[in-house]
Amino acid sequence: MGVFTISFNEYNISLDRREQGSNLDFISHAHTDHITAAKKSQKVLSSVETAELIESAYGISVNRFEPNEKGIKLLDSGHMFGSKQLYIEDYENGKSIIYTGDFQMQESDISKPIEIKQADIAIIDSTYSNPKVRFPNRQEIIENIILWVTNKISNGIILFSAYRMGKAQELIKIMNKAGIKPVVTKKISEVNKVYEKNGISLAYSSAYNSDLESDGINDHNFVGITEDRNVRMLAEKLGGVYKRRVYTAVATGFAEIFRFNTDVQFPLSDHADFYQILEYISKVQPKKIYTYGKSKEFLAKSLAESGYDALPSIY
Ligand SMILES: [Zn+2]
């Protein structure tokens, strides 16, 4: 397996990227860096939710292939709404294979928990395979977010920067838990519609634009959620308009690694850390492992040192 595709029956399946010669493109979830194959794809293999998110957020209509009795299965990956792993039961000489896509082991309020299935061959994402990074318990982070927000909101406006797909909706859920209905940008509310259509209830009000301009929010403090990374600039703007203190926050796994230009940062991650990857492997029990992603060499080396047959993939 040199190239980053899986050949199975009449299918040549690409994995979360555009690949020459593929006739079926697996898209594990709808984050931007995973949907490159969608545009010119003959057939997309994804969950219904992912296909709908691609259509609504990127305006790309996809020809979705229904996983069927031919032995191709999609398993929940716990990463975001609609995210899946690809599992093929009888891949080669009776051996099974699994490709994780982005995944995480802890439960979240908004995506289904990961489904674990034993497989002979595993192709594993290594985004956070750094032993120095250990994500705190998700429920504790959520409690900390609620505590901080309920503490600050009497003194000013609160502004969160979060990915518009996945993290923003989880933050809305967390705010709802605290009895708060946040104001979100227009772009985030467009994504929300797909969630709502699929039975996830979210209480929020939608702004007209990305500057969080909205009716009836100027007479009281509020929580705003924006996809804008440069939240400091928007905070200054809102502070000027409303003449109030604006507190800024970010919720991302990278908060465990980098310092953000915000008042506070919460390491709410949708990825497995190094220790969760080891937990995943101990449950899947693969005989052969291919790693891919940012730290693939490091992860393959650590796994090989622990006695696994592990190699980095070429991508
Ligand atoms: Zn992702």
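**Salt bridges, domain contact and the zinc site**

R17 is partly exposed, with a relative accessibility of 27%. The structure in view is a predicted model, and this residue makes a convenient way into its charged pairs. R17 forms a salt bridge with E19, in which the closest N and O atoms are 3.3 Å apart. The partner, E19, has a relative accessible area of 14% and is therefore buried, the limit being under 20%. The pair thus joins a partly exposed arginine to a buried glutamate.

In total, 16 salt bridges are counted in the model. Side chains of opposite charge can pair when their charged atoms come close. Another of these pairs is formed by D211 and K237, with 2.9 Å between the closest N and O atoms. D211 sits in the loop between β12 (205-206) and β13, while K237 belongs to helix α5, so the pair ties together parts that are 26 residues apart in sequence. Both partners are partly exposed: D211 has a relative accessibility of 26%, and K237 has one of 46%.

A further salt bridge brings together the side chains of R245 and D263, at 4.0 Å from N to O. Here, distant parts of the chain are linked, with R245 in strand β14 (residues 245-251) and D263 in the loop between β14 and β15 (264-266), 18 residues apart. R245 is partly exposed at 44% relative accessibility, and D263 is likewise partly exposed, at 33%. Elsewhere, salt bridges with shared partners join R138, K167, E170 and D270 into one network.

Turning to the domains, the assignment for the protein chain gives domain 1, made of residues 5-132 + 271-312, and domain 2, made of residues 138-266. Their C-alpha centres are 30 Å apart. Domain 1 supplies 18 residues to the contact, and domain 2 supplies 21 residues. The size of an interface is often given as the accessible area lost when the parts come together. Between domain 1 and domain 2 this buried area is about 1800 Å², with 61% of it given by carbon and sulfur atoms. One salt bridge is counted between domain 1 and domain 2.

The salt bridge between E52 and K197 has its closest N and O atoms 3.1 Å apart. E52 is one of the buried residues of helix α1 (residues 48-58), a set that also holds E49, T50, A51, L53, I54 and A57. An α-helix has 3.6 residues a turn, so residues three or four places apart point the same way. The cover over the buried residues of α1 includes β5 (64-65) and α4 (186-197). After α1 comes G59, which has a positive phi near 70 degrees.

Positive phi values also occur away from glycine. Most residues other than glycine have a negative phi, and most peptide bonds are trans. D16 has a positive phi near 60 degrees and is placed in the loop between β2 (11-15) and β3. With a relative accessibility of 6%, D16 counts as buried. N93, in the loop between β7 (84-92) and β8, has a positive phi of about 50 degrees. In contrast to the buried D16, N93 is exposed, at 77% relative accessibility.

N230 offers a further loop position, between β13 (223-226) and α5 (231-242). N230 is partly exposed, its relative accessible area being 37%. Although N230 and F260 are 30 residues apart in sequence, their C-alpha atoms lie 9.8 Å apart in space.

Finally, there is the metal site. The zinc ion is coordinated at 2.1 to 2.4 Å by NE2 of H29, ND1 of H31, NE2 of H79 and OD of D102. The angles among these four donor atoms run from 89 to 173 degrees, and the site is irregular. Along the chain, the donors follow the spacing H-x1-H-x47-H-x22-D. H31 lies in the loop between β3 (24-26) and β4 (44-45), and D102 in the loop between β8 (95-99) and β9 (121-125), so the pair ties together parts that are 71 residues apart in sequence. Both of these donors, H31 and D102, are buried.

Note on methods:
Residues are numbered from 1 along each chain as its sequence is written. This is a predicted model: local features need pLDDT of at least 70, side-chain atom pairs count only at pLDDT 80 or more; totals for chains, interfaces and linings use all residues. Side-chain values use heavy atoms; hydrogens and water are left out. Donors are N, O and S atoms within 2.8 Å of the metal (3.2 Å for Na, K and Ca); water is not among the atoms, so sites may look incomplete. Four donors count as tetrahedral if all angles lie between 85 and 135 degrees; four count as square planar and six as octahedral if opposite donors are over 155 degrees apart and all others between 65 and 115; anything else is irregular. Helices (H or I, at least four residues) and strands (E, at least two) are DSSP runs, numbered from the N terminus. Buried means under 20% relative accessible area, exposed over 50%, partly exposed in between (1.4 Å probe, protein chains only). Domain bounds come from an automatic or database domain assignment. Contact means heavy atoms within 4.5 Å. Buried area is the accessible area (1.4 Å probe) that two parts lose on being put together, summed over both.
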